[in-house]
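Please find below a note on this model, set out as numbered points. The ligand shells are taken up before the sheet and the helices.

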Amino acid sequence: MSYAVKEMFRTLQGEGVQAGRRAVFVRFAGCNLWSGREQDRATAVCRFCDTDFVGTDGVGGGKFVDAAALVAAVVGFWGPSLDRRFVVLTGGEPMLQVDDAIVDALHDAGFMIAIESNGTIPAHPGLDWVCISPKAGSNVVQRAGDELKLVWPQAAIDPVALEAWDFTHRLIQPLDDAHAAAHHQTCIDLVMERPAWRLSLQTHKLLGLR
Ligand SMILES: C[S@@+](CC[C@H](N)C(=O)[O-])C[C@H]1O[C@@H](n2cnc3c(N)ncnc32)[C@H](O)[C@@H]1O
Ligand SMILES: Nc1nc2[nH]cc(C(=O)O)c2c(=O)[nH]1
Ligand code: SF4
Ligand SMILES: [Mg+2]
């Protein structure tokens with residue numbers, strides 16, 4: 001199978017429990033909850049996306065003919081060191097494209113594989129770190145994993161109900177929009193009330209990283 005990748009880059013993981021780790025990001029093109037076109041945002045299931053995932057024209061992006069070609073590019077961004085190799089598969093929705101061949105080839109190259117997914121498609125069982133970020137109005141089938149990362153606030157999602165899902169860590173991430181400061185306080189208030197949750201900030205944005 002070939003893979004459509006919007007962009008690829010090396011940075012620090014900005015979000016969640018793995019925040020601060022050196023990582024190569026592979027941003028797959030396309031999502032099942034929004035076309036990525038601004039004219040469709042208001043009618044999409046997911047309306048707050050902060051990411052351009054349309055096409056393959058970003059830095060490090062392209063159409064990769066097979067898993068070997070994709071992993072060669074990931075290794076190129078990581079560099080020759082074999083120490084703590086860490087790749088984050090994101091998008092768009094990565095589970096539209098992640099398959100056995102990619103997971104096996106990244107493992108063969110010594111990578112720990114994390115995914116950022118909306119949870120509407122079952123996560124590949126070979127992944128090493130599964131982060132699921134549920135979206136109101138979608139059907140989340142992947143209700144277990146390492147990290148549940150709830151962007152907050154979202155109307156029609158009840159964080160208390162989500163506490164029953166089988167995740168090792170539960171994080172609340174402030175919605176980044178025109179009211180970000182108010183959302184920070186809303187998230188702090190929620191963690192104070194429900195200590196099952198902890199705060200996740202998008203630290204790459206604070207630091208000016210990709
Ligand atoms: C761009 S998404 C790609 C992965 C996958 N489609 C998903 O939604 O989890 C990566 C992460 O950014 C989060 N995110 C997207 N837009 C955001 C925003 N405006 N504020 C805060 N987090 C956001 C998502 O919830 C997800 O955890
Ligand atoms: N530095 C950095 N960390 C991230 N963690 C999750 C991201 C994503 O867009 O999936 C992201 C991202 O875009 N940049
Ligand atoms: S599900 Fe993820 S990639 Fe898709 S529109 Fe929402 S935040 Fe963006
Ligand atoms: Mg991002």
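1. The shell around ligand 3 comprises 6 nonpolar, 4 polar and 2 charged residues. Its members are Cys31, Leu33, Trp34, Cys46, Cys49, Thr51, Phe53, Gly91, Gly92, Glu93, Asn118 and Lys135. The model is a predicted one, and the totals for linings use all residues.

2. Around ligand 2 the division by class is 3 nonpolar, 6 polar and 3 charged residues. The residues concerned are Thr11, Leu12, Gln13, Gly14, Glu15, Phe25, Thr51, Thr90, Glu116, His204, Leu209 and Arg210. Thr51 is thus listed around ligand 2 and also around ligand 3.

3. Ligand 1 has 18 residues around it, of which Asp50, Thr51, Asn118, Ser133 and Asp176 come nearest. Strand E5 (112–117) and strand E7 are the elements that contribute two or more residues to this shell. By class, the shell holds 5 nonpolar, 7 polar and 6 charged residues. Asn118, one of the nearest residues here, is likewise found around ligand 3.

4. The sheet is open and consists of 9 strands with mixed pairing, in the order E3-E1-E2-E4-E5-E6-E7-E8-E9. Strand E3 (62–64) and strand E9 (198–199) are at its edges; each has a single partner strand, so one side of each lacks a neighbour in the sheet.

5. Within the sheet, strand E7 (residues 144–152) and strand E8 (residues 166–174) run parallel and are joined by 8 bridges. Gly145 is placed opposite Phe167 of E8. In general, strands of a sheet pair through backbone hydrogen bonds, in either a parallel or an antiparallel manner.

6. Helix H1 (residues 67–78) lies across four strands by name: E1 (3–12), E2 (22–28), E3 and E4 (86–90). Relative to E1, helix H1 runs at about 20°.

7. Which residues of helix H2 (residues 100–108) are buried? They are Ile102, Val103 and Leu106. These residues lie on the same side of H2, because they cover an arc of only 95° around the axis. An α-helix has 3.6 residues a turn, so residues three or four places apart point the same way. On the other side of H2, Asp100 and Asp108 are exposed.

8. The cover over the buried residues of H2 includes H1, E4 and E5. Strand E5 therefore appears in two settings, as it also gives two or more residues to the shell around ligand 1. After H2 comes Gly110, with a positive phi near 90°.

How values were computed. Residues numbered from 1 in each chain as written. Chains lettered and ligands numbered in written order. Predicted model: local features only at pLDDT ≥ 70, side-chain atom pairs only at ≥ 80, totals over all residues. Pairing = 2+ DSSP bridges. Contact = placed C-beta atoms within 7 Å. Axes fitted to C-alpha atoms, helices over the stretch in contact; angles between N-to-C directions. Near = placed C-beta within 6 Å. Nonpolar A, V, L, I, M, F, W, Y, C, P; charged D, E, K, R; others polar. Buried ≥ 20, exposed ≤ 12 C-beta atoms within 10 Å, placed from the backbone. Arc of directions from axis to C-beta.
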